[in-house]
Amino acid sequence: MAHELPPLPYDYSALEPVIDAQTMKLHHDMHHAAYVKNLNAALEKHPNLGSKSAEDLIRNLNAVPDDIRAAVRNNGGGHVNHTMFWKIMKPQGGGDPAGAIADAIKKSFGNFNDFKTKFNDAGAKQFGSGWVWLAGKPGGDVQIMSTPNQDNPISQGLFPIFGNDVWEHAYYLKYNNRRPEYLAAWWGVVNWDEVNKRYEAFKSGKLEPALASR
Ligand code: MN
């Protein structure tokens, strides 16, 4: 079955003023849609991969045939990353994290403010396009990391607990070249309930964050 663009779970304008409606519309309807379209186009050449989830495909890129590996890495990654991204944001989100994720942040980073500073710094320093993540390690600990392009921590054996998109298409219309301003404002729309679901999925050893959080 072909991969499908999931609907945005709120209106284009729902995350204003942090993210403007035009950015949301272009980001979801054009950018994410293109990743899905291009992923499906690549997989048409290898129908035997049709039953695999996008997460499964990017978890083991070496198992993907040479002729479509780059397309799957970029577009499968783009699909997985953006499917997460819409869900880990919500209108009137933000505030301090609660629950298990709050404890994990406190344990690894001391306090939420120090964590945000380190996360924002990693996002600001990612050269060119990419993502900044809180990723889960096999032993259960968490780490901040950034990835280029549409690469996802899954491809390195890590669990994508949550991440922020630092491609210019995510912020340029409103923030222009001021990526650090976007990174700082973004915390105001984080959906901590959804992040907690993903963190719980990680802690329980699940391999599919998208399925686990449905
Ligand atoms: Mn994006």
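The following paragraphs lead through a predicted model, from its metal site to its sheet and then to its surface.

The manganese ion offers a starting point. Four residues coordinate this ion: His27, His82 and His169 each through NE2, and Asp165 through OD, at 2.0 to 2.1 Å. Along the sequence, these donor residues follow the spacing H-x54-H-x82-D-x3-H. How buried or exposed are the donors Asp165 and His169? Aspartate 165 has a relative accessible area of 0% and is therefore buried. Histidine 169, with a relative accessible area of 17%, is likewise classed as buried, because the limit for that class is under 20%. For comparison with geometry at metals in general, the ideal angles are 109.5 degrees when four donors are tetrahedral, and 90 or 180 degrees when six are octahedral.

The sheet comes next. Three strands make up an open sheet with the order S2-S1-S3 and antiparallel pairing. Its edges are strand S2, residues 142-148, and strand S3, residues 159-165, each of which pairs on one side only. On average, neighbouring strands of the sheet are turned by 25 degrees against each other, direction ignored. The range of strand S3 ends at residue 165, and Asp165 is one of the manganese donors; the sheet and the metal site thus share a residue.

Strand S1 lies between the two edge strands in the order S2-S1-S3. Strand S1, residues 130-136, is joined to S2 by 7 bridges, and the two run antiparallel. Within this pairing, tryptophan 131 stands opposite threonine 147 in S2, while glycine 136 has valine 142 of S2 as its bridge partner. The hairpin of S1 and S2 has 5 residues between the strands, and in this hairpin glycine 140 adopts a positive phi near 110 degrees. Towards the other edge, 6 bridges connect S1 with S3, again in an antiparallel arrangement. One of the contacts there involves alanine 135, whose bridge partner in S3 is proline 160.

How many of the residues of S1 are buried? The count is 7 of its 7 residues, and the strand is described as mostly covered. In a regular strand, side chains alternate between the two faces of the sheet. For S1, one side carries Gly130, Val132, Leu134 and Gly136, and the other carries Trp131, Trp133 and Ala135; with every one of these buried, both faces of the strand are covered.

Attention now turns to charged side chains. The whole structure contains 8 salt bridges, and three of them are described here. In the first example, arginine 69 is paired with aspartate 66, with 2.9 Å between the closest N and O atoms. These two residues are about one helical turn apart, because they are separated by 3 residues in helix H3, residues 66-87. Arginine 69 counts as partly exposed at 26% relative accessibility, whereas aspartate 66 counts as exposed at 64%.

Helix H5, residues 112-125, holds another such pair: lysine 125 and aspartate 121 both lie in it, 4 residues apart, or about one turn of the helix. Their side chains meet in a salt bridge with an N to O distance of 3.0 Å. Lysine 125 is exposed, having a relative accessible area of 63%, and aspartate 121 is partly exposed at 37%. Helix H5 also contains lysine 118, which is partly exposed at 47% relative accessibility. Lysine 118 lies 75 residues from aspartate 193 in sequence, and their C-alpha atoms are 22 Å apart in space.

A further salt bridge links the side chains of arginine 178 and glutamate 181, at 2.9 Å from N to O. Both partners are partly exposed: the relative accessible area is 33% for arginine 178 and 41% for glutamate 181.

The surface also has a nonpolar part. Leu26, Met30 and Leu173 make a nonpolar surface patch of about 290 Å². Methionine 30 belongs to helix H1, residues 21-43. Why does methionine 30 count as exposed? Its relative accessible area is 53%, and the class begins over 50%. Leu26 of this patch directly precedes in numbering His27, a donor to the manganese ion.

Conventions: Residues are numbered from 1 along each chain as its sequence is written. This is a predicted model: local features need pLDDT of at least 70, side-chain atom pairs count only at pLDDT 80 or more; totals for chains, interfaces and linings use all residues. Side-chain values use heavy atoms; hydrogens and water are left out. Patches are made of residues with over 30% relative accessible area and no salt bridge: like charges are joined within 9 Å, nonpolar side chains (Val, Leu, Ile, Met, Phe, Trp, Tyr) within 5 Å. Accessible areas come from the Shrake-Rupley method with a 1.4 Å probe; for residues, only the protein chains shown count as cover. A salt bridge is a side-chain nitrogen of Lys or Arg within 4 Å of a carboxyl oxygen of Asp or Glu. Buried means under 20% relative accessible area, exposed over 50%, partly exposed in between (1.4 Å probe, protein chains only). Donors are N, O and S atoms within 2.8 Å of the metal (3.2 Å for Na, K and Ca); water is not among the atoms, so sites may look incomplete. Two strands pair if DSSP finds at least two bridges between them. Axes are lines fitted to C-alpha atoms, for helices over the stretch in contact, and angles run from 0 to 180 degrees between N-to-C directions.
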